[in-house]
Amino acid sequence: MIKRPDCSSDFPDRVTLFEVGARDGLQNESSLPTQTKVDFINLLSLSGLKHIEAGSFVSAKRVPQMADSLNVMRAIERQDNITYSALTPNIQGFEMALSAQADEVAIFGSASEGFSQHNINCSIAESLKRFEPVMALAQLHNIPVRGYLSCVIDCPYDGSTDTTQVLEVARTLIDMGCYEVSLGDTIGTGTPLKVAKLIETIQNHIPSNQIAVHFHNTWGQALPNIYQALSMGIRTIDASVAGLGGCPYAPGASGNVATEDVVYLCQQLGIETGLELEKIALAGWMISDALNISPRSNVSQALRAKRLQ
Ligand code: HMG
Ligand code: MG
């Protein structure tokens with residue numbers, strides 16, 4: 001831990017960036033050809049990332065953009081030191097992930113009932129029951145499981161989320177065997193003070209090395225929230241290159257914080273990410289061009305403008 005001169009907090013020396021652009025990003029953008037996704041993930045794999053979420057095994061009717069995840073994961077050029085993971089809401093999804101040779105899977109629940117119903121069509125309690133056989137199968141196959149927890153600050157259907165409810169579901173996910181819980185500010189309404197209060201509560205019960213943060217940038221607060229989380233010793237940050245995406249069942253929610261912006265922030269704080277900014281930006285330009293959008297990352301745009309000078 002490094003003690004910064006300008007504040008009393010403990011920042012980590014290095015962080016892990018968990019790249020969700022090919023899943024959380026692309027699940028909420030226009031559908032792309034399978035080969036474009038494969039090329040995108042192959043580019044991401046050259047940037048220094050160690051964790052790439054490559055797809056999602058959910059209902060193709062509900063999220064058509066992810067319907068080709070099996071073909072995507074079978075076609076990518078895997079690097080030995082990278083974990084390629086996928087979302088698996090139930091046994092059906094887990095079996096698909098197995099045949100896609102996912103190195104890791106993720107179950108995803110919600111801290112609010114409204115989002116749980118809209119997103120995965122069941123209550124929180126039912127979802128936890130559904131995850132049990134997934135956990136058992138994952139253990140049998142020796143596959144690590146990550147746990148996502150949505151709406152940790154606010155829910156688009158139920159309003160503000162009670163922190164004790166977040167803690168309860170987060171603890172359950174960890175007790176079930178998830179190696180880490182990713183706290184999702186699904187609609188991006190979090191601000192540093194709310195985030196500090198939440199993380200403090202969670203850290204009293206779950207070790208920091210089992211907590212990741214997942215900020216959507218709807219209200220432009222993702223970077224300050226990440227700064228806050230880093231100052232409290234959080235060492236895993238979810239991010240989406242070019243700020244892609246959102247959640248189809250969280251109306252109005254925009255993409256995750258852009259990976260490029262997080263890398264730049266960490267560089268400036270002296271925190272090692274292992275990523276090469278130019279290479280991650282390149283992947284962002286490639287996918288933004290394919291989607292015919294501008295990267296939703298100030299750092300990416302600044303880098304591109306600098307290149308053109
Ligand atoms: P269900 O709606 O309860 O119904 O599914 P079901 O189990 O009876 O299945 C309905 C249909 O889906 C059936 O097909 C099943 O075969 C099929 P039909 O007979 O109608 O043709 N099905 C599946 N197909 C493929 N893979 C599967 C699968 N399971 C069932 N695994 C389910 C429950 C969760 C599958 C469904 O509600 C669903 O797919 N929801 C979409 C959830 C989703 O992908 N949301 C976005 C990701 S979560 C997120 O973005 C938040 C996060 O980023 C964190 C944050 O920001 O907060 C992680
Ligand atoms: Mg998300």
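This passage describes the core, the metal site and selected helices and strands of a predicted model.

The largest nonpolar core has 103 residues. Within that core, F40, L149, L173 and L230 have the most contacts. In soluble globular proteins, nonpolar side chains tend to be buried together. The surroundings of L173 were examined with neighbours within four places in sequence left aside. L173 is then in contact with I107, L128, F131, C178 and V181. G147, Y148 and L149 are also contacts of L173.

L183 gives a second view of the buried interior. This residue is in strand β10, which covers residues 180-185. The relative accessible area of L183 is 3%, so L183 counts as buried. Beyond neighbours within four places in sequence, L183 touches L149, V152 and V166. Its other contacts are L198, I202, I211, A212, V213 and H214. E29 lies elsewhere: L183 and E29 are 22 Å apart, C-alpha to C-alpha. In sequence, 154 residues separate this pair.

The magnesium ion (ligand 2) has three protein donors: D24 through OD, and H214 and H216 through NE2. These donors lie 2.0 to 2.2 Å from the ion. Their spacing in sequence is D-x189-H-x1-H. D24 belongs to helix α1 (residues 21-25), whereas H216 sits in the loop between β11 (211-215) and α9 (222-231), so the pair ties together parts that are 192 residues apart in sequence. Both D24 and H216 are buried. H214, another donor, is also a contact of L183.

Helix α5 spans residues 113-120. Its buried residues are G114, F115, S116, N119 and I120. The cover over these residues includes the strands β6 (104-110), β7 (145-150) and β8 (154-155). Helix α6 (124-140) is also part of that cover. After α5 comes N121, with a positive phi near 65°.

Two further helices pack against each other. Helix α10 covers residues 259-269, and helix α11 covers residues 277-291. Two packed helices are described by the angle between their axes and the distance between the axes. For α10 and α11, the angle is about 165° and the axes are 9 Å apart. The angle makes α10 roughly antiparallel to α11, because angles over 145 degrees count as such. Their crossing is left-handed. On the α10 side, T259, E260, V263, Y264 and Q267 take part in the packing. They meet L277, I280, A281 and G284 of α11.

Conventions: Residues are numbered from 1 along each chain as its sequence is written. Chains are lettered from A and ligands numbered from 1 in the order in which they are written. This is a predicted model: local features need pLDDT of at least 70, side-chain atom pairs count only at pLDDT 80 or more; totals for chains, interfaces and linings use all residues. Side-chain values use heavy atoms; hydrogens and water are left out. A nonpolar core is a set of buried Ala, Val, Leu, Ile, Met, Phe, Trp, Tyr and Cys residues joined through side-chain atoms within 4.5 Å. Buried means under 20% relative accessible area, exposed over 50%, partly exposed in between (1.4 Å probe, protein chains only). Contact means heavy atoms within 4.5 Å. Donors are N, O and S atoms within 2.8 Å of the metal (3.2 Å for Na, K and Ca); water is not among the atoms, so sites may look incomplete. Helices (H or I, at least four residues) and strands (E, at least two) are DSSP runs, numbered from the N terminus. Axes are lines fitted to C-alpha atoms, for helices over the stretch in contact, and angles run from 0 to 180 degrees between N-to-C directions. Angles under 35 degrees count as roughly parallel, over 145 as roughly antiparallel, 65 to 115 as roughly perpendicular and the rest as oblique. A crossing is left-handed if the near helix is turned anticlockwise from the far one by less than a right angle, and right-handed if clockwise.
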